[in-house]
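This report describes selected features of one protein chain, from single residues to the overall dimensions. The sequence and the model are shown below.

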Amino acid sequence: MSFDLQRIFRRIQHVVRPARLAAPSQEAGVIQRIQPAFNSMELHETNSMQHFGFASGLPAGTDVMIVNVSGDNANGVAIASNNQSLRPKGIAAGECRIYNAAGDYVHVAAGQITIVAATKVVVTSPEVTMSGKLTVTGDITSTGGDVVAGTISLKTHVHQQVTVGTGLSGVPKP
């Protein structure tokens, strides 16, 4: 094979290449940067493209698929990633999961969304609206606000038929 054909063949071989990250992704710039190791002797720094609305910090050891424009290793971009040790297993067809290395996740299945967090789930919004039955196992704490059931406020309601002493009051009055 002539030198030019060998060069072209090598370029074609390098258009799409699997690699494994040698270090965690870097998030300082306008695009995520990664260091894929193609083998024990070949390490490059390249961009990692992610879908709009979804971002993930890739840990070291994550497998990536690199596309090199014109087969040029200096002009590559990661288009897919998978971490073999952290990827959740047993997800049924049609389901999806957003997960992290700590084991926290949001799982979307037919008719049900499950959120699992080791410490806390935080929702920050000026208003949260829910419909349907709410079941809580554990305490409910309201800090600074009021709890209203129907038209009865826990802070401002009064009781009817109050008896001085050890008797019980009547039902709350709106």
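## Ser70 and its loop

In this predicted model, Ser70 is exposed, because its relative accessible area of 56% lies over the 50% cut-off for that class. The residue belongs to the loop that links strand 6 (63-68) and strand 7 (76-82).

The backbone of Ser70 is also of note: its phi is positive, at about 60°, although the residue is not a glycine. Most residues other than glycine have a negative phi.

## The sheet of strands 8, 9 and 10

Three strands form an open sheet in the order 8-9-10, and their pairing is antiparallel. Strand 8 (96-99) and strand 10 (112-116) are the edge strands, each of them pairing on one side only. On average, and with direction ignored, neighbouring strands of this sheet are turned by 10° against each other. In general, strands of a sheet pair through backbone hydrogen bonds.

Strand 8 and strand 9 (residues 105-109) run antiparallel and are joined by four bridges. Within this pairing, Arg97 stands opposite His107 of strand 9, and Ile98 has Val106 in strand 9 as its bridge partner. On the other side, five bridges connect strand 9 with strand 10, again in antiparallel fashion. Here Val108 is matched with Ile113, its bridge partner in strand 10.

## The two hairpins

The hairpin of strand 8 and strand 9 has five residues between its strands, and Gly103 in this hairpin takes a positive phi near 100°. Asn100 lies in the loop between strand 8 and strand 9. With a relative accessibility of 33%, Asn100 counts as partly exposed, since this value falls between the cut-offs of 20% for buried and 50% for exposed residues. The C-alpha atom of Asn100 is 9.8 Å from that of Leu58, a residue 42 positions away along the chain.

What number of residues separates the strands in the hairpin of strand 9 and strand 10? There are two residues between these strands, and Gly111 in this hairpin has a positive phi near 75°.

## A nonpolar surface patch

A nonpolar patch of about 1000 Å² is present on the surface. Its members include Val108 and Ile113, the residues that form a bridge pair between strand 9 and strand 10. Val121, Val123, Val128, Met130, Leu134, Val136 and Ile140 also contribute to the patch.

Ile115 is another member of the patch, and this residue is found in strand 10. Is Ile115 buried or exposed? Its relative accessibility is 53%, so Ile115 counts as exposed.

## Overall dimensions

The protein chain has one helix and 14 strands. Its radius of gyration is 28 Å, well over the 16 Å that the globule rule gives for 174 residues, and the chain is therefore more spread out than a compact globule.

Taken along the principal axes, the C-alpha atoms of the protein chain fill a box of roughly 105 × 35 × 25 Å. Of the 174 residues in the chain, 16% are buried.

Technical notes
Residues are numbered from 1 along each chain as its sequence is written. This is a predicted model: local features need pLDDT of at least 70, side-chain atom pairs count only at pLDDT 80 or more; totals for chains, interfaces and linings use all residues. Side-chain values use heavy atoms; hydrogens and water are left out. Two strands pair if DSSP finds at least two bridges between them. Axes are lines fitted to C-alpha atoms, for helices over the stretch in contact, and angles run from 0 to 180 degrees between N-to-C directions. Patches are made of residues with over 30% relative accessible area and no salt bridge: like charges are joined within 9 Å, nonpolar side chains (Val, Leu, Ile, Met, Phe, Trp, Tyr) within 5 Å. Accessible areas come from the Shrake-Rupley method with a 1.4 Å probe; for residues, only the protein chains shown count as cover. A salt bridge is a side-chain nitrogen of Lys or Arg within 4 Å of a carboxyl oxygen of Asp or Glu. Buried means under 20% relative accessible area, exposed over 50%, partly exposed in between (1.4 Å probe, protein chains only). The radius of gyration is taken over C-alpha atoms; the globule rule is 2.2 Å times the number of residues to the power 0.38.
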